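Work through the exercises below with the sequence and the model open beside you. Try each task before reading its solution.

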Amino acid sequence: MRYNIEQIATIAGGQFLSKPDGACMEHVLLDSRQVIFPASSIFIALQGRRHDGHSFLDDLYQQGIRHFLVSKKIDTDAWPGAVFVWVENTLGAFQQLAAYHRSQFSLPVIGITGSNGKTIVKEWLFQLLYEDYYIVRSPRSYNSQTGAPLSVLQITPEHTLGIFEAGISQMGEMEKIAPILDPGIGIFTNIGEAHSEGFPDMETKLQQKLLLFKNTRTLICCLDDERMESAVFNWQSSGHSTQSAARKSVTWSATGKEADLKILSITPKGNSTQIEGVANIPHPSSLTPPKTSSINIPFTDSASLQNAVHCWALMLHLGYEHETIARRMSRLEPVAMRLELRAGINGCTIINDSYNSDLTSLKIALDFLEQQGRESRRTLILSDIFQSGQKPEQLYRTVAQLLLEKKMDRIIGIGKEVAVLEKFLTSRIQSVFYENTPAFLADLQGLVFRDEVILLKGARKFGFEKIANRLATRFHKTVLEVNLGALLNNLRVYQSQLRPGTKLMVMVKAGAYGSGSAEVAKLLEFQNVDYLGVAYADEGVELRKAGIQLPIMVMNPEEATFDALVRYRLEPEIYSLKLLENFLYFLENLPQREDHGAPAAAIGIHLKLDTGMHRLGLEENDIEKAISLLEQTANSEQRTTIKSTLSHLAASEAPAHDDFTRQQVARFEKMYEKLAAGLGYRPLRHILNSSGIARFPEYQMDMVRLGIGLYGIDGSGRLQGRLQTVNSLKATVSQIKNVRPGETVGYGRMGKAEKPMRIATLSLGYADGLLRRAGNGRFSVLIKGKRAPLFGNVCMDMVMADATPIPDAEEGDQVVIFGKDSDGNELPVQELAASLDTIPYEIFTSISDRVKRVYVQE
C-alpha cells in the first residue's frame, strides 16, 4: 500500500482535523503494540464493545506514529506535528480503503469461504500454483472484518493471482467483505456448526456466506450436502440475466451425484490416499471426452480428502493437465497452523515456527516473540524465504528493517540467499550465516545460547525441527500442550459478556490451573486485562520476576510474606481483622527496616467479605472495627488504600441455589455500602466468578473474576459451546505386547486377559497426575482417534491400555489423556474428572511439574 495522507482522506471520505503533510503511508496499524515502521504507518482507531483505539493515541505518538484515522473529535494541540483524519466510522473507512485498493488491480482472485478448511485449501492452492503465478494470499487465517482488508492491502502490481479467505460470525458481515475481496472464482468448502451463534438457522448462515460470490463467475463446491445443491442452483439463477448466464458452477461429488468431477473410489495406501474420479470439465485445448484419472495425496483423514478434491476441481477449471495435477498433488505438505513455545537449553525459550517462511508470517512471529517480554536477549534463526516474488536485495532490506525495529540482538541465517541480509544490518545486531542446516548443527557447540528467546523461522526444506530438537531441553515424553490461541478465544468470549467499563481480573493461581503462570500471564498482560489473581505471595513474586507489571491480588497472604508483598508490589486480600491489624502494624514499622526500600505512598489492599460461603472473609459486625483500624493509619507515611472489596459465590453455577446466590449479593451490597460510607470513598466491587459471569450479568458491578472459564470449562453450561480446549495432556505408546488369554498385566495382576489382546504401555503414571483410580477400565484414552480402555492398575510412571480394537496402533503413537489430538479428535477433561469422581480443577492442578508444558499459538 502506497497512498499519501490526502489520498487516504479522500478515499475514506474523511476530514482533516490538522494540517496534512503529504506523507506517504505504506502500512496500516490497528494495534498499538505492533508498531514497526512508525514514519510510514497510519493508525486506525477502531472501536469495540470493550476497547477503543482512541485510548492509545498518546502511547502511539510516543512511539513515533504521526498519522491517525479517528472517529472522535481530537484536541490536536496535544500532539504537535500529528495529522488526524476524522471519519464517522473507522472500521467502515478502513474497509473502504481496502476495497478501493482492490479495485486498482485486475488480477484474478480466488475467494474461499465455508465453515471449515478455508486456510488449508488456501495454503494448498498456494503450494499447487506458485510455480505459475506470483501469489498474494491471506496471512494465516486473516479472514475477518479486519483480516480480509489487511490481506487485500498486500496486493502490489507484481502479483498475478490472489487467494483470500472470508469468515463471518454475524449477519451482514459478508456484505462488507465481498466488495473488498471481489473474487472472480469462489470455493465454498462446506457448511457446518462452527460460528453459528450469530445466525437464526443454518439456511440463513448458508445464504449469508454465499453473498461473497455475488459477482463471482465460477463457484466450486461439493454437492454431497443437499443444502449446497440447492444453494448452487439459487446462486446460478440469482442476479440479472446477463450475469446469471455467465455464471458457472464446478461441482464434485463422492456419493454418485451428477457433478463435474465424480469421485469413483477412495483407497487408503499406508500414509497416503488414492482418489479416483472422472472429470467432465473440458480442457481448453482438448475435445476428448472425459476419462478416469486419479491423484495420490500424502494424507488419510477425511477433512484432507475433501480439501484436496476442492483443489483438484479448481486446477481442472484452470485448465491444468492431469499429469501436472497428479504430480503436484502428491507433493502436498501439511500446513503448519501454529507455532510452539517451549523451554530450551541454558534458560532459553524456544519459539518454533519452522514450517512457515514468508514476510508476513515473520512479522506475526516477531510480534509473538515481543509478547514474551522485552528484557530478554533475542535471537532469530532464519532460512531463505521462498516465493516472495521480490528480488533478494529488496526482500532482505525489508527483513533488516523489521529486525532493527524489533530490536533483535542476533540473527543466524541459514541458506544461500539469506546471507544478503548481512549488508543491511547495523553493527548492533550480531550475525552469522551458514549455507545449510547441517553446517549450522556442526558448528552448534561453538555458539552460545543462554537466557534468551530464540525464534526459529524456516522453510520446510531446511528441516529446522532438527534445530528445535537440539536447542530444546530434553524432557519426559508426556507433555501438557497449552493452546494460547484457544485461551485467547475464551478470554474474548467472557469479555463479550461484560458491559463497557467492567474491569476483568483473571485468576492465574496454582500455575494458571496447571497451564503455567508466567506464560499465561504474559498473554493476559499483552491483552490488557486489568488484574491478575494468585493464591499465595510466592506465585506473585514469580510473575514479577518474569517481568509481569499488571496489578496482582494475593488471595491468601501470610504474615511471613508481608515483606515480599511490599517489595514486589503485590496487593494482599485481607480477610480478617487480625490479618488487617498485623499488616498495618508491619507497614507502620516498615521505615525502620534498613534492608527494605521505600514503598509506594499508598499500598493497595483488597477486603474480603464473607457473605455466606463461610470460608474466609470479614463478617458484617467486623466492618466498623476495620474502618477504625484503617482510619488510624490514614495520615501515616505508609498508609493503605482499599483497591477493591470482594466476596465469593458458593454456587453460582447451580440454578437450584439461585435464591442463595441473590442473598449473597444482597449481603455484599449492604456490607459494601457500610464500608464505603466509613471510608469516604468507593473501592471497586467484585463478586462474580466464571459461572457468575455467564449466569448473572446484572451483578457484574465494577469488576469480575475469570478463573476456570479461561481454560475452557464452563460450569454453568451456557458458554461451553463457544469455548475452546486449552489444555491437552499427551503421552506416547512406549511398547505394544501381545498377551494370551489367562495372562495378567501390571501390579497386583489386576488386568487379566480373557482373550488374545494387544496391550499398549503408555508413558505416564500417577506421578504425572493420572490418579490410580482411573485404571482397571474406569477410563479410556485416545490412540489414533479411538478409545482404548486402561487395563490393570496405573503405575507410578506408566499405565497400560487395551489397544486390541486399534490394529494399526504402533509404538511411538501419540496418546491423548484429555484434550485434542493432532487430527482434532477430542477427549474432554470432564470425562476423566467424572471417572475419578472429581472436577476439572483438580485434574488440571494435579498435573505434576515433571510434565513439561508446551505452548502453541494457532
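A residue is called buried when its relative accessible area is under 20%, exposed when over 50%, and partly exposed in between. The model used here is predicted.

**Exercise 1.** Classify E743 and R740 as buried, partly exposed or exposed, and state which contact joins them.

*Solution.*
Step 1. E743 has a relative accessibility of 30%, so it counts as partly exposed.
Step 2. R740 has a relative accessible area of 58%, so this residue is exposed.
Step 3. The two residues form a salt bridge, in which the closest N and O atoms are 3.1 Å apart.

**Exercise 2.** Describe the salt bridge between K608 and E573, and decide how each residue is classed by accessibility.

*Solution.*
Step 1. The side chains of K608 and E573 meet in a salt bridge, with 3.6 Å from N to O. The cut-off for such a pair is 4 Å.
Step 2. K608 belongs to strand β28 (residues 602-608) and E573 to strand β27 (residues 571-574), so the salt bridge ties together parts that are 35 residues apart in sequence.
Step 3. K608 is at 3% relative accessibility and therefore counts as buried.
Step 4. E573 is at 1% relative accessibility, so E573 also counts as buried.

**Exercise 3.** Find the salt-bridge partner of K122, then place the pair in a network.

*Solution.*
Step 1. The partner is E165, and the closest N and O atoms of the pair are 2.9 Å apart.
Step 2. K122 sits in helix α4 (residues 118-129) and E165 in strand β10 (residues 161-165), so this pair ties together parts that are 43 residues apart in sequence.
Step 3. Both K122 and E165 are buried.
Step 4. A network of salt bridges links K122 and E165 with E123 and R137.
Step 5. For the whole model, the count of salt bridges is 34.

**Exercise 4.** Examine helix α1: which residues are buried, and what is found at its ends?

*Solution.*
Step 1. Helix α1 covers residues 5-12, and its buried residues are I5, I8, A9, I11 and A12.
Step 2. These residues lie on the same side of α1, because they cover an arc of only 165° around the axis.
Step 3. At the N-terminal end, N4 caps α1: one of its side-chain oxygens lies 3.0 Å from the backbone nitrogen of E6.
Step 4. After α1 comes G13, which has a positive phi, near 65°.

Key. Residues numbered from 1 in each chain as written. Predicted model: local features only at pLDDT ≥ 70, side-chain atom pairs only at ≥ 80, totals over all residues. Heavy atoms only, no water. Buried < 20%, exposed > 50% of the residue type's maximum accessible area, 1.4 Å probe, protein only. Helix = DSSP H or I, 4+ residues; strand = E, 2+ residues; numbered from the N terminus. Arc of directions from axis to C-beta. Polar contact = N/O pair within 3.5 Å; in protein donor to acceptor, adjacent residues only side chain to side chain.
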